[in-house]
Amino acid sequence: MVSFSAYSPCSTVAGMFKNEGSAAAFNAHKESIMRHVVVQCGTSRDTPRTFNTNGSHAESSAVAKAGTAPLVQALKLTANQDVSCFHFPGHNRGKAAPRSLSELIGSRTFLHDLPELPELDDLFSPKSVILDAQKQAAELFGSCKTWFLINGSTCGIQASVMATCSPGDHLIVPRNCHISVISALVLSGAVPKYVVPEYNSWWDIAGGITPSQVDKAVKELEEDGKKVGAVLVTSPTYHGICSNIQGIANVCHLQGIPVIVDEAHGAHFRFHRNFPSSATEQGADLAVQSTHKVLCSLTQSSMLHMDGELVDADKVSQCLQLLQSSSPSYLLLSSLDATRAQLSENAESFDEPVSVALETKDQLRTIPGISVLDLSSFHSDFPAIDPLRITLSASDLQLSGYEADDILAENHQIVCELVGTKAMTFAINLGTRRHDAQRLVHSVKHLSEKYFSENGSSSRKENLACSPLDKFSIKLTPREAFFSKKRRLCIEDSLGEICGELICPYPPGIPVLIPGELVTQDSLSYLMNVRDNGMAISGAVDSKLRSIMVCNL
């Protein structure tokens, strides 16, 4: 699992945030939820967002009626049947469940772990409860079609690329994309055209990409006679930084190019006035969301939303059937349905998390030696940063991100979402409680009191242009490199060779070396630094990174 423009910020950024809607618009939206009909393609950008500004008890009741979960209800009814089972799985509705796991998660979990029985519908050819659940999700999330994913957002990214890019087509993509994009390139045979995002060296964090960068990449490929299959944008990034999707979509749609948005970290954007606009609201053709991140479905469950008419929905369905398990978990599927119902029941769900996040950020900013990431850390005109994502640095305390994280975890039992060389990221979500946020603030205050001294604090460095992502040379496509013969070399001897494996610190899952790229001194130095600081390295055959697989040409 990783955003100077000739485009007027007044025209493209003005729609990034929603003002408080009228009661009439809100009531109309709630009534539309109750009809359980799919939004017609091309209309989702005009569909009101689902947050309440002045709701009455009657309005809340109307939303609650819309909160039925058809798949959850079907699973409940099926599990309660008095039947003799001669089907899979082998635990037979919990009768033979492993005792240790049953004690851990409860026997009723196994009771509802059912296969594709007729009354539970078919994920790959839905006609009843799954179809109904997906239609209700499409309406709530503002798309013309929604697919439930049980192989995570990874399979959604892969299917989106495969449905839009044929072998040899070019995919314009930020260099700080998630590893799932690289696997999609291997599967599809598409050729990457990387756009380098702005990078802040003081934070060691990359931002988003801009419409002008995408426009430049499209024109360069056109001049070379290359076909662009799609543009893929990561927005928001793991740190919450949003790209101008509306501006990028305007550039691409003029050329008939579909826009895919890796919106894994932005599934909640449609549900509060303080959140940025969602990708489909800004014109994205496909948006992949990890419903299990800020929202409340089970880990590994996600949604893929489609809007517009540039992408063939049937081809997306075919790709998903290739990529997803033929034995989908109904626990994962029903958790998606339940999460959709949960959101429709309470239009004010995010009021408290937003309040907690803003209050916490304000308190953290007052602590000596502590910095909080915001849009001023970047020169580009990025339209928004997720208010629920808190990224802080203790560099002025002479502490790396790893050191500060170790202290907070071991001494104060604070567990962050993401740790990097210079920063830590904390995710506020629906389950975050105010007393936990206060505990974080108090713990960071203790950190400051112990390590801060006026003379010992470091001075803030300039935002340098150097990045572990901006110096790369592509010799083979990811697919060519993946299937080529390889040999293993000591890491010291790999300089100048063609990398044969995908190597990235995880999390965040942003590749530093991609199959087909030359191994450079910058990439080696960065990888060895994060390795020596204890960060896990994903993708490499040698997880300790003492050796690298290179292409044997």
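Phe378 and Phe382 are both buried. In this predicted model, the two rings also make an aromatic pair: Phe378 and Phe382 meet edge-to-face, with 5.8 Å from centre to centre and 70° between the planes. The count of aromatic pairs comes to seven. Another of them joins Trp202 and Trp203, again edge-to-face, at 5.3 Å between centres and 75° between planes. Both tryptophans are tucked away from solvent: Trp202 has a relative accessible area of 5%, so with the cut-off at under 20% it is buried, and Trp203, at 3%, counts as buried too. Elsewhere, ring pairs tie Phe269, Phe275 and Phe350 into a cluster.

Some rings have a charge for company. Arg175 lies over the face of Phe472, 5.6 Å from the ring centre. Likewise, Lys486 has its charged end over the ring of Phe482, at 6.0 Å from the centre.

Phe350, already met in the ring cluster, turns up again in the nonpolar interior. The largest nonpolar core has 57 residues, and Phe350 and Phe426 are the ones with the most contacts inside it. Two or more residues come from each of helix 4 (70-79), helix 7 (129-141), helix 13 (330-345), helix 14, strand 13, helix 15 (401-412), strand 15 (424-427) and helix 16. Helix 7 is the biggest giver, with six residues. As for Phe350, leaving aside residues up to four places away in sequence, its contacts are His268, Phe271, His272, Phe275, Val294, Leu295, Leu343, Leu388 and Leu430. A further core of 36 residues lies apart from the largest one, and among its members are Leu185, Leu286, Cys319 and Leu502.

Helix 14, one of the contributors to the largest core, is worth a look of its own. This helix runs over residues 351-365, 15 residues in all, and spans 22 Å from first C-alpha to last, close to the 21 Å expected at 1.5 Å a residue. Its buried residues are Pro353, Val354, Val356, Ala357, Thr360, Lys361 and Leu364. Viewed down the axis of helix 14, these buried residues fall within an arc of 160°, so they line one face of the helix. That fits the general geometry: an α-helix has 3.6 residues a turn, so residues three or four places apart point the same way. And what do the buried residues of helix 14 pack against? Their partners are strand 11 (371-372), strand 13 (389-393) and helix 16 (434-451).

Buried positions also occur in the loops. Ser290 sits in the loop between strand 9 (286-289) and strand 10 (302-306), and at 3% relative accessibility it counts as buried. Setting aside residues up to four places away in sequence, Ser290 touches Ser153, Glu263, Ala264, Ala267, Ser301 and Ser302. Thr477 belongs to another loop, the one between helix 16 and helix 17 (478-483). Its relative accessibility is 17%, so under the 20% cut-off Thr477 is buried as well. With the nearby sequence positions (up to four places away) again left out, Thr477 touches Val191 and Pro515.

Definitions and conventions
Residues are numbered from 1 along each chain as its sequence is written. This is a predicted model: local features need pLDDT of at least 70, side-chain atom pairs count only at pLDDT 80 or more; totals for chains, interfaces and linings use all residues. Side-chain values use heavy atoms; hydrogens and water are left out. Helices (H or I, at least four residues) and strands (E, at least two) are DSSP runs, numbered from the N terminus. The expected span of a helix is 1.5 Å times one less than its number of residues. Buried means under 20% relative accessible area, exposed over 50%, partly exposed in between (1.4 Å probe, protein chains only). The arc is that of the directions from the helix axis to the C-beta atoms. Contact means heavy atoms within 4.5 Å. Rings of Phe, Tyr and Trp (its six-membered ring) pair if their centres lie within 6.5 Å; planes under 30 degrees apart count as stacked, over 60 as edge-to-face and the rest as tilted. A charge sits over a ring if NZ of Lys or CZ of Arg is within 6 Å of the ring centre and within 35 degrees of the ring normal. A nonpolar core is a set of buried Ala, Val, Leu, Ile, Met, Phe, Trp, Tyr and Cys residues joined through side-chain atoms within 4.5 Å.
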